[in-house]
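Please take a moment with the structure shown below, and follow its chain slowly before reading on. The paragraphs after it are meant as a guided walk, to be read with the model in view.

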Amino acid sequence: MSSARRVAGKLGGLLLTLFLASLLVFFSRFLVPGDPVSFLLRGRKPSDEAVAAVTAQYGLDLPPWEQYLRWILGVLQGDFGRSLQYRQDVTQVIGDRLPATLMLVAMAGAIVLIAGVVLGAAAALNRGKAVDRFILIGLTVLGAIPSFVGAIVLIAVFSIQLGWFPSFGSGDGFFDMLYHLTLPSLALALVFIVLVGKVTRSAMVDQLGREHVEVSTSRGARRSTVIRRHVLRNALGPILTVSGVLVAGLIVASSIVEAAFGLSGIGSLLVQSVDRLDFPVVQAIVLLVVLAFVVMNALVDILEPWIDPRSAAGAGAR
C-alpha cells in the first residue's frame with residue numbers, strides 16, 4: 001500500500017507540475033509587448049471590421065480564462081491551435097521539424113553520457129594524480145566554451161579545413177542524418193559533458209570512501225568487480241538525476257546549434273516564433289519541453305530504486 005501511495009503521490013505531483021506549467025506558459029503571453037493581430041495584418045491598413053474579424057477568428061476577443069480553457073482542452077486532444085506565421089496547424093508545423101531535433105538531442109545525449117561518465121570515472125579512480133588534474137582542467141576549459149563558439153570551431157576545422165563533415169542541413173534518411181548531425185551533436189554536447197563528468201567524479205569519489213567498498217577490497221575482491229558492483233552502480237543515482245535535467249537542457253540549447261548549422265528543428269523554430277509573436281507555436285514548444293522534463297524525471301524515479309534498492313528501502317521507511 002505504501003508503494004501504491006508513493007506512486008500515486010508522484011503521479012499527482014507530475015500532473016500538478018504540468019497544470020501549473022500550462023498556466024504559466026499560456027498567461028505569460030499577456031505580459032509580452034506586441035499584438036498578434038498587428039503581426040497577422042502586417043503591411044496593411046486594415047479597417048476596424050477586418051481587425052475584428054481576425055480577432056474573432058483566433059479567439060483573441062475572448063476573456064483570458066476562456067481562451068485558456070479552449071486552449072488546454074484542445075491540447076488534451078492533441079490540438080495546439082494554428083500558427084500565426086505559417087497559417088497551419090501547430091502540430092503539423094512542429095511535426096515537420098521534430099525528427100531533426102530528436103535525432104540531434106539523442107546523439108548529443110549519448111555523447112554526453114558516454115564521455116561524461118568515462119571522464120568522471122577516470123578522474124575519480126585516479127584522484128589526486130596527474131590524470132585527475134588533467135581531466136578537471138580539461139572539463140573546466142570545456143565548460144567555458146559557449147555552444148556557438150564550439151560550433152564555429154568544429155565547422156572551421158572538420159568541415160572547411162578537413163572536409164570530413166557537412167556544415168549545413170540535417171540530411172535525408174537515417175544514416176545521412178547521422179552523418180550530417182555529427183558535428184552539431186558534438187557542439188551541443190560540449191557544455192553538458194562537463195556537468196555529467198563532474199557529477200560522476202563526485203559520486204564515485206564518495207562511494208570509494210564508503211566502508212563497504214573498503215571491506216570488499218580488504219577481503220580480496222578484484223578491483224574491477226568492486227568498482228562495477230559497489231562503486232559505479234551506487235554512483236548511478238546522481239547521474240540519473242542529472243540526466244533528467246539534461247534532456248530539457250539539450251532541447252533548449254539546440255536552438256543555438258541549429259542556427260549555426262542551418263538545421264530546421266524546433267529550437268530554431270522557437271526562436272523564430274518568439275521573434276514573430278507566434279504565440280501558439282511558442283506555447284506548444286515550451287509545453288513539450290516541460291513535458292519532456294517531467295517524463296524524464298518520472299523515469300528517473302522509476303529506475304532509481306531498481307539501480308539502488310537502498311533508495312526504495314529508505315522511502316519505505318519514511
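What follows goes from the annotated spans to the nonpolar cores, then to a pair of packed helices, and lastly to a few single residues.

It should be kept in mind throughout that this is a predicted model. In an unreviewed entry, UniProt lists residues 100–122, 134–158, 178–197, 235–261 and 281–300 under the name "transmembrane region". Two of these spans can be looked at in the model itself: residues 235–261 are 100% helix, with their end C-alpha atoms 36 Å apart, whereas residues 134–158 are 88% helix and 0% strand, with their end C-alpha atoms 25 Å apart.

Turning to the interior, the largest nonpolar core holds 53 residues, and those that touch the most other members are Trp-71, Ile-94, Val-112, Leu-188, Leu-250, Phe-261 and Ile-285. Helix 5, which covers residues 90–125, gives the largest share of this core, namely eleven residues. To see how such a member is surrounded, one may take Leu-250, which, when its neighbours within four places in sequence are left aside, is in contact with Val-105, Ala-108, Gly-109, Leu-188 and Phe-192. Another core, of eight residues, lies apart from the largest one, and Ala-203, Met-204, Val-205 and Ile-227 are among its members.

The next feature is a pair of helices, helix 6 (residues 130–143) and helix 9 (residues 182–208), which pack at an angle of about 145° with their axes 8 Å apart, and whose crossing is left-handed. From helix 6, the contact is made by Asp-132, Leu-136, Leu-139, Thr-140, Leu-142 and Gly-143, and from helix 9 by Leu-190, Ile-193, Val-194, Gly-197, Lys-198 and Arg-201. Sorted by character, the residues of this contact are six nonpolar, three polar and three charged.

Is Gln-283, a residue of helix 13, buried or exposed? Its relative accessibility is 5%, and because a residue counts as buried when this value is under 20%, Gln-283 is buried. Leaving aside neighbours within four places in sequence, Gln-283 is in contact with Val-25, Phe-26, Arg-29 and Trp-71, and Trp-71 has already appeared among the residues that touch the most other members of the largest core.

Helix 12, finally, covers residues 266–275, and its buried residues are Ile-266, Gly-267, Ser-268, Leu-269 and Ser-273. After this helix comes Leu-277, whose phi is positive, near 60°.

How values were computed: Residues numbered from 1 in each chain as written. Predicted model: local features only at pLDDT ≥ 70, side-chain atom pairs only at ≥ 80, totals over all residues. Heavy atoms only, no water. UniProt positions renumbered as here; feature names shortened; annotations may be inferred. Helix = DSSP H or I, 4+ residues; strand = E, 2+ residues; numbered from the N terminus. Core = buried A, V, L, I, M, F, W, Y, C linked by side-chain atoms within 4.5 Å. Buried < 20%, exposed > 50% of the residue type's maximum accessible area, 1.4 Å probe, protein only. Contact = heavy atoms within 4.5 Å. Axes fitted to C-alpha atoms, helices over the stretch in contact; angles between N-to-C directions. Left-handed = near helix turned anticlockwise from the far one by under 90°. Nonpolar A, V, L, I, M, F, W, Y, C, P; charged D, E, K, R; others polar.
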